[in-house]
Amino acid sequence: MPVESLFPRLEPLLPQVQKPIQYVGGELNSTVKDWDACAVRWALMYPDAYEVGLPNQGVMILYEVLNEVADVLAERTYAVWGDLEKLMREHDVPQFTVDGHRPVGAFDVFGLSFSTELGYTNMLNALDLAGIPIEAKDRTEDHPIVLAGGHAAFNPEPIADFIDCAVVGDGEQAVLQITDIIRAWKAEGRPGGRDELLFRLAVTGSVYVPRFYDVDYLEDGRIQRVAPNRSGVPWRVSKHTVMDLDEWPYPKQPLVPLAETVHERMSVEIFRGCTRGCRFCQAGMITRPVRERSIEGIGAMVDKGLKATGFEEVGLLSLSSADHTEIAEVAKGLADRYTDDKIGLSLPSTRVDAFNIDLANELTRNGRRSGLTFAPEGGSERLRKVINKMVSEEDLIRTVATAYGNGWRQVKLYFMVGLPTETDEDVLQIADMAKKVIQKGREVSGSRDIRCTVSIGGFVPKPHTPFQWAPQLDPAATDARLHKLRDAIRADRQYGKSIGFRYHDGKPGAIEGLLSRGDRRIGRVIRAVWEDGGRFDGWSEHFSYDRWVRCADKALADEPVDLDWYTTREREWNEVLPWDHLDSGLDKDWLWEDWQDALDETEVDDCRWSPCFDCGVCPQMGTEIQIGPTGQKLLPLSVKQPATQH
Ligand code: SF4
């Protein structure tokens with residue numbers, strides 16, 4: 001069936017909205033393929049505004065992987081702001097893709113990538129605008145398969161009623177596998193309708209289809225069991241793991257945004273996974289094991305990506321980039337290669353103990369020497385043992401002293417508040433640490449012009465981590481602790497003025513906690529919030545805690561559970577957790593032991609450099625740690641010829 005562009009209907013609305021450029025598409029390296037020549041069509045969404053969604057690496061990678069297949073097309077769609085939403089509803093313009101301005105409802109798959117649970121209301125809004133029934137059970141063969149991925153999909157239960165399926169883990173191979181199944185089913189004349197297609201996906205063992213699982217509850221509200229209701233559907237669904245990153249050098253042609261976005265640089269993922277074992281870190285736990293991209297692979301991606309985009313900065317991405325075994329060679333090689341072009345390099349995440357000044361000097365050789373950010377996460381040594389973030393105060397002071405001595409004037413320290421076992425005293429030690437940093441900075445630089453910014457986030461316990469059983473601190477207690485810390489910093493006459501203090505109140509964290517560890521009953525709350533006008537919950541100016549509390553009270557009124565039950569309650573070891581049937585590879589007994597180790601303030605080493613401590617991932621997933629050094633060299637590709645004399 002031919003599908004026409006919605007642009008003629010959208011265009012007259014654009015002069016009436018803010019930043020209309022975000023809706024027009026046509027970015028450098030974007031793709032519009034012939035609709036009728038394609039057998040399988042994907043609409044991909046990062047459920048936030050264009051400025052946040054466009055730079056998202058996950059969507060960018062899948063967009064390119066899918067579009068490289070001759071008979072497959074993929075287009076992007078983002079959350080529209082309230083001004084355009086109102087006009088679209090008035091003028092009957094459905095949710096559209098920015099590439100071909102095609103209606104999302106006409107695609108075979110509507111795939112959403114969730115890095116945060118606070119995007120759930122935006123999903124419901126997009127479904128509604130697209131004319132796709134909100135609940136999966138009401139969809140027919142005419143509607144796309146609604147598929148969730150991204151880190152939040154490791155517990156898709158709160159959105160189980162709204163999605164048809166979820167994929168956990170790396171998406172590159174998974175989207176191709178799903179495409180093959182859809183192509184075959186369509187070519188056979190769609191036997192058995194939508195149900196048969198979902199069944200074919202479910203029996204692969206790596207696509208979760210919520211409708212094929214029943215959840216039973218105990219009287220006290222806990223889950224009794226989750227079991228398949230269809231023969232052939234596996235009890236547990238496995239995550240996907242891409243083993244050789246060099247085989248997947250995506251994005252090859254990164255998108256260049258038309259409107260302002262949160263990152264304006266090209267990014268290369270230098271490794272995936274992290275085995276440092278920080279107990280609060282869901283990303284580290286669910287992406288194990290560590291798989292490094294080779295130095296040659298990184299060099300080739302940077303070269304191609306810069307040529308394809310014209311960006312002036314390269315971000316070397318990963319969960320802890322300075323941990324790449326050849327980071328020094330990578331940084332030096334790239335700085336040498338791009339000296340004349342003034343291409344800046346950045347490592348968005350650096351550990352104090354992996355940082356060294358040679359590396360920092362290489363990174364800033366061709367660019368700006370702006371601030372350095374470190375994340376000790378816990379204010380006291382004791383708390384850092386609890387969270388397994390093995391950074392001593394001595395290490396931190398030594399590192400920042402070197403940085404200040406080498407010309408840096410700004411250091412940002414990131415911490416969390418509300419960590420398990422935390423007391424006021426642990427948090428107040430953040431103020432002491434910041435003072436010592438300033439003191440040392442003044443001493444080594446001989447200048448009073450030294451700044452340290454303390455940035456604080458609220459801790460949210462996440463599924464598939466050792467803290468999945470932990471109680472979350474309620475917003476009032478979080479705020480009280482933050483205020484004590486703020487007062488302690490301000491009260492210091494000698495150093496207080498040199499210390500910046502940034503924090504968010506505890507309310508969004510409580511809702512993120514509800515959505516992170518929630519079960520299927522939370523779907524009612526999400527729906528009620530969206531119907532009440534909830535959108536863009538990740539944005540403080542749009543987030544309404546009162547609305548979430550009101551809707552949760554109402555939607556859960558007949559249940560023995562409430563907001564506190566999901567957030568501030570500590571779980572027992574034998575409780576069935578809503579995500580137990582989603583297999584991240586981590587052994588639940590190991591996670592429990594690690595939780596007990598946390599309470600005993602016992603640390604665990606990184607298995608890259610110490611023996612395997614049996615977290616379960618490698619045997620369960622058939623994977624292994626892949627690190628260098630590889631012995632390869634980063635070639636100086638753009639060698640300039642010396643000028644010849646005539
Ligand atoms: S199974 Fe062993 S080697 Fe693999 S990630 Fe877990 S602890 Fe590390």
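Which residues of H13 are buried?

**View 1. Helix H13 and its surroundings in a predicted model.** In H13, the buried residues (under 20% relative accessible area, 1.4 Å probe, protein chains only) are Glu393, Leu396, Ile397, Thr399, Val400, Ala401, Ala403 and Tyr404. They pack against helices H11 (357-364), H12 (381-386) and H14 (424-445), and against strands E14 (372-377), E15 (410-417) and E16 (451-458); contact means heavy atoms within 4.5 Å. Helices (H or I, at least four residues) and strands (E, at least two) are DSSP runs numbered from the N terminus. Gly407, just after H13, has a positive phi of about 105°.

**View 2. Packing of H14 with helix H15 (residues 475-490).** The angle is about 35° and the axes are 9 Å apart; axes are lines fitted to C-alpha atoms over the stretch in contact, and angles run from 0 to 180 degrees between N-to-C directions. Asp424, Val427, Leu428, Ile430 and Ala431 of H14 meet Arg481, Lys484, Leu485, Ala488 and Ile489 of H15.

**View 3. Residues around the ligand.** Thr275, Cys607, Cys612, Phe613, Asp614, Cys615, Gly616, Val617 and Cys618 surround the ligand, each with a heavy atom within 4 Å of it.

**View 4. His240 in the loop between strands E8 (237-238) and E9 (266-269).** His240 is buried, at a relative accessible area of 13%. Its contacts, apart from residues up to four places away in sequence, are Val167, Val168, Gly169, Asp170, Ala174, Gln177 and Ser206.

Residues are numbered from 1 along each chain as its sequence is written, and side-chain values use heavy atoms, without hydrogens and water. In this predicted model local features need pLDDT of at least 70 and side-chain atom pairs count only at pLDDT 80 or more, while totals for chains, interfaces and linings use all residues.

Definitions and conventions. Buried < 20%, exposed > 50% of the residue type's maximum accessible area, 1.4 Å probe, protein only.
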